[in-house]
Amino acid sequence: MSLFESVKDRYIKDLKVGAKVDWYYKLAGISKKTKRDGGLYLALELMDKTGKIPAKVWDNVEACLKLLQEGKVYRLTGSVNEFMSKKEIKVDGIRAINPMDKDFSEADFVEQAGFDTETLFNGMIDTLKTNIENPHLLQLIDLFVQRYKEKFKTHYGAQKIHHAYLGGLLKHTQSMLELALFVARHYSLDKELLLTGVLFHDIGKMFEFKISPAVSLTAEGGLLGHLIIGSRIFTELSGQVKGFPEDLSLKIGHLIISHHGEKEFGSPEVPKIPEAFALHAIDLLDSKLNIMAEAIGSADSKDLFTEYLYPLGRRLYTGGAQENSGGVREDSGGAQEDSG
Ligand SMILES: [Fe+2]
Ligand SMILES: [Fe+2]
């Protein structure tokens, strides 16, 4: 018998701190870690169709390592704890599923995009086509759609840091296109160049990491990174457009490889034309504001500040819980202390 009061409570997004867990979850990630005493423990990432949650295995680590495989579903017992203001599961027991386990369906573990990716993708292409007249660029966009639509539509925007969900790459790119339209007009930039740069800037992420069965870096991603992969994809596609102008090809290539802004952030060249700098700035704005929105949105309502966010180098002020907005906060058990 399940310990949950209702089926709904089993879903990851509905798990409450203190709850007992006895249900099926898919293993989205696993890594070996070292305890202070030198022993091993396992940091897992579990998922179902409603989201992801970290989990830790402190005992029987070697046996678990032999059993566990990313992308597979397991039956798990444990409890929901809070660590660094975030929920996580302390695993007491975990076992492989067997033919007797009939009370779940595969569909429970298929991640859903939180929006209609088909509509957003088509809207993005419409935006591009209504703002671009250059026939070479229009052909390039058509080739992109033919070749990459399905993969681009569903890929993550990043492995972990921002837009790390199904359709995240599309959402990030679409959001940047809106910003790019404004920025190009405001600073009298080459709009067609900037929009094309936005479309292609993170396209390499489709091959930098895979999202199924678990999110993980590919060999190509680790050895080349998404800037170089993206520039290769662009070179390959533009090579199929007869008479694609050399100068335009050079500039788009530059936008792709310089979009991280600085060499220490992985760009082999810094932005050297205004459109490249604009692309970098828009990318930074969209990714960092997304990190902020997600961190504040998922913060525990009783905490005034989020956990420490390494990509931003700070904790964010959340304003605390609406229910606590009268000024009286529940004791957060020392969560406000600097944990270092
Ligand atoms: Fe990027
Ligand atoms: Fe980006």
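What share of the 340 residues in the chain is buried? Buried residues make up 31% of the chain. A residue is called buried if 20 or more other C-beta atoms lie within 10 Å of its own, exposed if 12 or fewer do, and partly exposed in between, with C-beta atoms placed from the backbone. The structure is a predicted model, in which local features need pLDDT of at least 70, side-chain atom pairs count only at pLDDT 80 or more, and totals for chains, interfaces and linings use all residues. Residues are numbered from 1 along each chain as its sequence is written, while chains are lettered from A and ligands numbered from 1 in the order in which they are written.

The average pLDDT of the chain is 88. This score is the predictor's confidence in each residue, on a scale from 0 to 100. A pLDDT of at least 70 is reached by 91% of the residues. Residues 1-7 have a pLDDT below 50, and this stretch makes 7 contacts beyond near neighbours in sequence. Residues 323-340 also stay under 50, with 14 contacts beyond four places in sequence. Two residues are in contact if their C-beta atoms, placed from the backbone, lie within 7 Å. Where pLDDT is low, predicted coordinates should not be read in detail.

The C-alpha atoms fill a box of roughly 65 × 55 × 40 Å along the principal axes. Among contacts with a separation of 6 or more, 54% join residues 24 or more positions apart. The chain holds 9 helices and 7 strands. These are DSSP runs numbered from the N terminus: helices are H or I with at least four residues, and strands are E with at least two. The domain assignment gives domain 1 (7-109) and domain 2 (117-291). Such bounds come from an automatic or database domain assignment. The centres of the two domains, taken over C-alpha atoms, are 35 Å apart.

Strand pairing was examined next. Two strands pair if DSSP finds at least two bridges between them. Strand E1 (residues 20-34) runs antiparallel to E4 and is joined to it by 7 bridges. Here Tyr 25 stands opposite Tyr 74 in E4. Strand E4 (residues 73-83) also pairs with E5, in the antiparallel sense and over 10 bridges. Leu 76 is partnered by Ile 94 in E5, and Asn 81 by Glu 88. E4 and E5 form a hairpin with 2 residues between them. In this turn, Met 84 has a positive phi of about 50°. On E5 (residues 86-96), 3 bridges connect to strand E3 (residues 51-57), and these two strands run parallel. Ala 55 has Ile 89 of E5 as its bridge partner. After E3, Asn 60 lies in the loop leading to helix H1 (61-67). Its phi is near 50°, a positive value in a residue other than glycine. Asn 60 is partly exposed because 14 other C-beta atoms lie within 10 Å.

Two helices, H4 and H7, were compared with their expected spans. The expected span is 1.5 Å times one less than the number of residues. Helix H4 (residues 168-186) has 19 residues and reaches 27 Å from first to last C-alpha, close to the 27 Å expected. Its buried residues include Leu 169, His 172, Thr 173, Met 176 and Val 183. The buried residues of H4 pack against helix H2 (117-131), H3, H5, H6 and helix H9 (274-298). Ser 188 sits in the loop between H4 and H5. This residue has a positive phi of about 50° although it is not a glycine. Ser 188 is exposed because only 8 other C-beta atoms lie within 10 Å.

Helix H7 (residues 219-238) spans only 25 Å between its end C-alpha atoms, whereas a straight helix of 20 residues would span 28 Å. H7 bends by about 95° at Gly 225. The bend is the angle between axes fitted to the seven residues ending at a residue and the seven starting there. Buried positions in H7 include His 226, Leu 227, Gly 230 and Phe 234. The buried residues of H7 pack against several elements, among them helix H3 (135-154), helix H5 (191-201) and helix H8 (246-257).

Asp 202 occupies the loop between H5 and H6. With 27 C-beta neighbours inside 10 Å, Asp 202 therefore counts as buried. Beyond four places in sequence, Asp 202 touches Leu 169, His 172, Thr 173, His 226 and Gly 230. Asp 202 and His 226 are 24 residues apart along the chain, yet their C-alpha atoms are separated by 6.5 Å.
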